[in-house]
Amino acid sequence: VLPAAVMDSIIIQERLVERLLSPRTQAQRSHPARLKDHEKQYVGFATLPNQVHRKSVKKGFDFTLMVAGESGLGKSTLVNSLFLTDLYKDRKLLNAEERINQTVEIVKHTVDIEEKGVKLKLTIVDTPGFGDAVNNTECWKPITDYIDQQFEQYFRDESGLNRKNIQDNRVHCCLYFISPFGHGLRPVDVEFMKALHEKVNIVPLIAKADCLIPSEIRKLKERIREEIEKFGIKVYQFPECDSDEDEEFKQQDRELKESAPFAVIGSNTVVEAKGQRVRGRLYPWGIVEVENQAHCDFVKLRNMLIRTHMHDLKDVTCDVHYENYRAQCIQQMT
Ligand code: GDP
């Protein structure tokens with residue numbers, strides 16, 4: 001049993017801590033009202049998530065998305081459909097002659113998007129020319145070099161004097177477009193993914209899914225999954241769903257994992273289907289709707305990328321891919 005004087009001093013100290021940490025301290029100073037009974041039981045750190053939330057909203061978010069795949073597979077159309085912006089206003093398409101010896105270029109487009117007061121700086125890194133030349137040996141090299149350069153820049157900034165305003169240009173996700181016309185992965189797809197899988201989160205997509213009927217899509221997905229496994233390619237793995245999530249969320253998570261690789265359709269035109277204006281593609285025999293889950297996995301991809309997994313993609317980039325790069329650098333230095 002502690003002497004009464006010591007107990008008094010502990011109680012006084014606890015109250016002091018409570019007053020210092022309580023988010024209401026400021027308000028109470030100006031309105032010196034008494035603490036309510038239920039507030040007396042808290043130190044106040046339960047408000048920490050709110051403080052983090054407020055601070056991050058103020059700072060804004062950034063996300064860098066890379067798109068890669070043979071030209072003509074609908075990459076720009078899909079990106080525009082995903083973010084409802086026109087990111088490719090001044091794109092120049094090359095003719096066949098110009099593409100014979102074409103080298104892969106890296107083109108960056110940045111837009112600031114705001115939704116309900118939350119700001120997102122979105123950077124799209126496009127890779128025109130990938131897989132377009134007659135000889136595509138090592139055509140992924142400029143892309144891996146670009147990713148490494150961003151890591152290198154970040155590493156340098158992090159070790160420099162002013163670490164407060166580091167611009168993070170690391171690539172958080174790479175959407176890799178697979179042709180719907182083949183029988184699975186082509187050699188260039190395997191080479192590309194193997195060259196990049198330790199550096200970036202790869203999300204493979206089946207492009208132009210409206211070219212295939214549902215059974216063909218199922219078969220192609222299965223085939224791609226088998227080949228990814230066979231060649232030891234490490235694509236982005238969706239994290240395990242928390243056991244305390246509700247049943248609806250768990251079901252959505254299961255469906256998301258079963259749908260990979262997502263079969264997507266892009267369109268920048270709005271058409272009328274069953275009296276409603278929808279984003280879709282109008283054919284003489286019918287309409288394919290981009291946001292209809294019975295037609296393709298576009299909504300699943302958009303939800304994953306923006307609503308549910310954007311933060312995880314950034315975390316994996318930072319904690320796994322960048323950490324690998326950093327460890328290698330430090331090893332070389334020592
Ligand atoms: P990129 O070169 O990969 O950026 O491809 P584009 O987005 O420029 O698309 C090339 C062509 O394919 C254009 O004529 C598009 O209208 C068309 N296209 C884009 N997305 C789709 C799709 O999902 N399905 C079909 N069938 N065509 C598409």
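The legends below describe close-up views of one helix and one sheet in a predicted model. In this predicted model, local features need pLDDT of at least 70 and side-chain atom pairs count only at pLDDT 80 or more, while totals for chains, interfaces and linings use all residues. Residues are numbered from 1 along each chain as its sequence is written, and side-chain values use heavy atoms, with hydrogens and water left out.

**View 1. The length and bend of helix H12 (residues 310–333).** Helices (H or I, at least four residues) and strands (E, at least two) are DSSP runs, numbered from the N terminus. At 1.5 Å a residue, the 24 residues of H12 should span 34 Å, and the 33 Å between its end C-alpha atoms agrees with this; the expected span is 1.5 Å times one less than the number of residues. H12 bends by about 35 degrees at glutamate 323, the bend being the angle between axes fitted to the seven residues ending there and the seven starting there.

**View 2. The sheet and its edges.** Six strands form an open sheet of mixed pairing, in the order E2-E3-E1-E4-E5-E6, where two strands pair if DSSP finds at least two bridges between them. Strand E2 (107–115) and strand E6 (262–263) stand at the edges with a single partner strand each, so one side of each has no neighbour in the sheet.

**View 3. Two pairings within the sheet.** E4 and strand E5 (residues 202–206) pair in the parallel sense over five bridges, and isoleucine 178 has isoleucine 206 in E5 as its bridge partner. E2 and E3 pair in the antiparallel sense over nine bridges, with threonine 123 in E3 as the bridge partner of threonine 110.
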